[in-house]
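Please open the model in a viewer and keep the sequence panel visible. The tour proceeds by selections, each followed by what is to be found there.

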Amino acid sequence: MFTALTLLAGASQVQAEGFGDTRDIMGGGPNFFGSGASTIPRTTVNYATEYAPGTIVVNTAERRLYLVLPGGQALRYGIGVGRDGFRWGGTHRITAKKEWPSWTPPSDMLRRRPDLPRHMAGGIENPLGARAMYLGSTLYRIHGSNEPETIGQAVSSGCFRMTNDDVKDLYDRVSVGATVVVKN
């Protein structure tokens with residue numbers, strides 16, 4: 001019995017070490033496989049804006065995402081944003097939505113990190129988390145994360161990450177075609 005447990009523990013350690021590099025590039029942390037709430041709670045706020053209800057406004061300086069609601073309000077979510085050199089701005093539309101998306105690192109990321117997997121199937125171990133919303137013709141997404149401790153940080157390669165609970169909530173509220181405005 002002891003030998004079997006030792007072997008299982010060793011296999012888990014090897015598996016965990018194998019994902020260390022993926023966590024690093026995606027902004028990893030100790031709760032990569034875990035779940036939990038963000039330290040930045042989702043909340044309804046007053047939000048005076050010229051944008052129509054249903055518009056997503058990403059404020060990278062605040063590290064917050066706003067879903068514009070009717071009546072001068074918005075749902076505010078905490079997000080992780082691109083680290084220095086990976087921030088961007090502009091207006092796009094959500095062109096696709098996927099549950100438990102697969103991940104294929106872009107060629108630029110693979111040049112920086114040739115040790116990354118060439119493809120990962122969707123699931124709890126995937127760095128894109130539970131949901132992803134694809135932004136126009138860019139390589140970027142609003143996606144989930146199994147690392148709530150990274151929300152509010154500048155950790156990504158340009159994508160916007162949310163807790164899995166928050167990205168599921170947003171995913172259910174928006175449609176393909178929704179406008180996304182990214183402000184720096």
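A polar contact is a pair of N or O atoms within 3.5 Å; within protein, one atom must be able to donate a hydrogen and the other to accept it, and residues adjacent in sequence count only if both atoms are side-chain atoms. The model is predicted, so local features need pLDDT of at least 70 and side-chain atom pairs count only at pLDDT 80 or more, while totals for chains, interfaces and linings use all residues. Residues are numbered from 1 along each chain as its sequence is written, and side-chain values use heavy atoms, with hydrogens and water left out.

**Whole chain**

Display the protein chain as a cartoon: four helices and 11 strands appear. Helices (H or I, at least four residues) and strands (E, at least two) are DSSP runs, numbered from the N terminus. Of the 184 residues, 46% count as buried; buried means under 20% relative accessible area, exposed over 50%, and partly exposed in between, with a 1.4 Å probe and protein chains only.

**Arg-161**

Select Arg-161, located in strand 10 (residues 160–163). Is Arg-161 buried or exposed? Arg-161 is buried, at a relative accessible area of 1%. Its side chain makes a polar contact of 2.9 Å with that of Glu-147 and another, of 3.1 Å, with the side chain of Thr-150.

**The nonpolar cores**

Next, select Ile-56, Leu-65, Ile-142, Phe-160 and Leu-170, the residues with the most contacts inside the largest nonpolar core, which has 22 residues. Such a core is a set of buried Ala, Val, Leu, Ile, Met, Phe, Trp, Tyr and Cys residues joined through side-chain atoms within 4.5 Å. Elements giving two or more residues to this core include strand 2 (56–59), strand 3 (64–69), strand 4 (73–78) and helix 4 (164–173). Helix 4 supplies the largest share, three residues.

Centre the view on Ile-142. Among the residues it touches, not counting those up to four places away in sequence, are Ile-56, Leu-65, Met-133, Phe-160 and Val-180; a contact means heavy atoms within 4.5 Å. A second, separate core has eight residues, including Leu-110, Leu-116, Met-120 and Tyr-134.

**Two hairpins**

Select strand 2 and strand 3, which run antiparallel and are joined by four bridges. Two strands pair if DSSP finds at least two bridges between them. Four residues lie between these strands in their hairpin, where Arg-63 takes a positive phi near 60 degrees. Asn-59 has Arg-64 as its bridge partner in strand 3, and Arg-64 in turn has Gly-78 as its bridge partner in strand 4.

Add strand 4, which pairs with strand 3 in the antiparallel sense over six bridges. Their hairpin has three residues between the strands, and Gly-71 in the turn has a positive phi of about 75 degrees.

**A salt-bridge network**

Finally, select Arg-42 and Asp-166, whose side chains meet in a salt bridge (2.9 Å, N to O). The criterion is a side-chain nitrogen of Lys or Arg within 4 Å of a carboxyl oxygen of Asp or Glu. Arg-42 lies in the loop between helix 2 (20–26) and strand 1 (43–46), 124 residues from Asp-166 in helix 4. Arg-42 is partly exposed at 38% relative accessibility, whereas Asp-166 is buried at 6%.

Add Asp-169, which forms a salt bridge with Arg-42, the closest N and O atoms being 3.8 Å apart. Arg-173 also meets Asp-169 in a salt bridge (2.8 Å, N to O). Because Arg-173 and Asp-169 are four residues apart in helix 4, about one helical turn separates them. Salt bridges that share partners thus join Arg-42, Asp-166, Asp-169 and Arg-173 into one network.
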